[in-house]
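Let's take a walk through this one together, starting from a single side chain and working outwards. Have the viewer open as you read.

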Amino acid sequence: MGLFQKSQLISAGRFHEAVAERTDQWFIACFRITNDRDLAQDAVQDGLLNAWRQRAKFQGEAALHTWIHRIVINAALQIVRSRGRHVWLDVDYEMADSAPTPEANLQQHQFESGLDRRLSTLTEVERLCFSLRHLEQWRLREIADAFNIKEGAVKQAVFRAVKKLRTQMTDTRRRA
Amino acid sequence: MISEELLLLYSYGDELPLAEQQRIERALAEDETLAKRYASLLRDLDGAVSPVGVSTPPELISRLHAALDDETGATAQDWQAPWRGFAVAATLVLAVLSSVIYLRIDTVVPPVADIAIPNQTTNFERLLRTHLRQAQTTLEAAEDQTAVIRAQRASELATDNRGLVRAANAANKPQYARLLRGFQPLLQTVADESASATHVALVSEQVRFEMRVVLTKLTDAASNSV
């Protein structure tokens, strides 16, 4: 990037505008990923500041808030990776037996008081893969790369997540 | 027979090869039962993820504006005039040269972290000193460990550091919150198992150096306050 182009860097004002308009969306997306209100807030802040520092890379192909959204999601994933790398090391095991651990049960309880009650019944791997594929529109290959696992494992996690969600919805309809 | 899994992949629009995508498209047009199954799948997926009573913490937006202000205060003017870029580059070169000279002659630690430390030592500053000491020791010890253990230790430190940022905000110490936030990406790099050993060693050295500088300032301030 030349010196003349640098003068066209996005202003802080536009970042402030994006914060005012899009923080809710960023927070909800990060909450779905981290399953923790404090960590979701940290992820939004980390991502926003990372975006500011990398603003020279913004090409203007997407809206600024969309570009920040992606960086915020990456910050949330970084937190998840550093918090629970075991989750991903055990992914093959989990595919064989997807019963939630006591820790997952506790997280589930916390999650139920937040949003997407149905997502709370998924394991961490299922929730992450489903959220990224279905809500964030990441491709399976991208998710696999982000967590350094096989694409097939991501695919299976998404399939299991959808199956569980649909079973729950059928049960709910029956009860109603 | 087209499975539910295949229908799901089809619904994403970008996961199947074009030929497979077109085959399912034709089948959906010709087979009413399949079309109903597909509609039911889409309906369930839409219903599965509707948000339930979530709200953004009210303080988050003001916290983000403040963090952005902290950050832009240091950098917003950087590119307003072309000569500033050269000035920044020249300053960096001087800073690197100063560090090299410092390392060679083993003199006092230069004040690279531009932070004002109050003379009055508070509980938070004591906590920060403990954190910085432990972090330095842990990072140093981790250098001799395997990549997995080193990453694990750094990851724990990053979590502690994050907690301390929150504590700094709660204690109304924005200068420390900013400082600690600066350590976060460095610690996360050290916590990245896939990063190259050389890069990690450099970053680890950098973060320990900066922590040492801050620690020296904090210790000096503490002795002055006694």
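Is B:Leu6 buried or exposed? Keep in mind that this is a predicted model. B:Leu6 is buried, because its relative accessible area is 18% and the cut-off for calling a residue buried is under 20%. You'll find B:Leu6 in helix H1 of chain B, which covers residues 4-12. Setting aside residues up to four places away in sequence, B:Leu6 touches B:Leu16, B:Glu20, B:Arg23 and B:Ile24. Take B:Leu16 from that list: B:Leu16 sits 10 residues along the chain from B:Leu6, and their C-alpha atoms are 8.6 Å apart.

Now move along chain B to B:Asp44, in helix H3 (residues 32-48). B:Asp44 is buried too, with a relative accessible area of 3%. What does B:Asp44 contact, leaving aside its neighbours within four places in sequence? The partners are A:Arg166, A:Met169 and A:Arg173, from chain A.

That brings us to the interface. Chain A puts 53 residues into the contact and chain B puts in 49 residues. Together the two chains bury about 4,900 Å², with carbon and sulfur atoms giving 57% of that area. There's plenty of polar chemistry to look at as well: 7 salt bridges are counted between chain A and chain B. One to pull up on screen pairs the side chains of B:Arg63 and A:Asp42, at 2.8 Å from N to O. Across the same interface, 15 residue pairs are in polar contact, with both residues at pLDDT 80 or more.

Which parts of chain A do the touching? Helices H1 (3-6), H2 (12-34), H3 (37-53), H4 (64-83), H8 (124-135) and H10 (151-175) of chain A each supply at least two residues to the side that touches chain B. The largest share comes from H3(A), with 12 residues. Sort that side of chain A by residue type and you get 25 nonpolar, 9 polar and 19 charged residues.

Last stop: helix H8 of chain B, residues 174-190. This helix has 17 residues, so at 1.5 Å a residue it should span 24 Å; the C-alpha atoms at its ends are 25 Å apart, which agrees. Quite a list of residues in H8(B) is buried, including B:Tyr176, B:Leu179, B:Leu180, B:Phe183, B:Leu186, B:Leu187 and B:Val190. Among the buried residues of H8(B) you'll also see B:Arg181, B:Gln184 and B:Gln188. As you look down this helix, remember that an α-helix has 3.6 residues a turn, so residues three or four places apart point the same way.

Methods. Residues are numbered from 1 along each chain as its sequence is written. Chains are lettered from A and ligands numbered from 1 in the order in which they are written. This is a predicted model: local features need pLDDT of at least 70, side-chain atom pairs count only at pLDDT 80 or more; totals for chains, interfaces and linings use all residues. Side-chain values use heavy atoms; hydrogens and water are left out. Contact means heavy atoms within 4.5 Å. Buried area is the accessible area (1.4 Å probe) that two parts lose on being put together, summed over both. A salt bridge is a side-chain nitrogen of Lys or Arg within 4 Å of a carboxyl oxygen of Asp or Glu. A polar contact is a pair of N or O atoms within 3.5 Å; within protein, one must be able to donate a hydrogen and the other to accept it, and residues adjacent in sequence count only if both atoms are side-chain atoms. Helices (H or I, at least four residues) and strands (E, at least two) are DSSP runs, numbered from the N terminus. Ala, Val, Leu, Ile, Met, Phe, Trp, Tyr, Cys and Pro count as nonpolar, Asp, Glu, Lys and Arg as charged, and the others, Gly among them, as polar. The expected span of a helix is 1.5 Å times one less than its number of residues. Buried means under 20% relative accessible area, exposed over 50%, partly exposed in between (1.4 Å probe, protein chains only).
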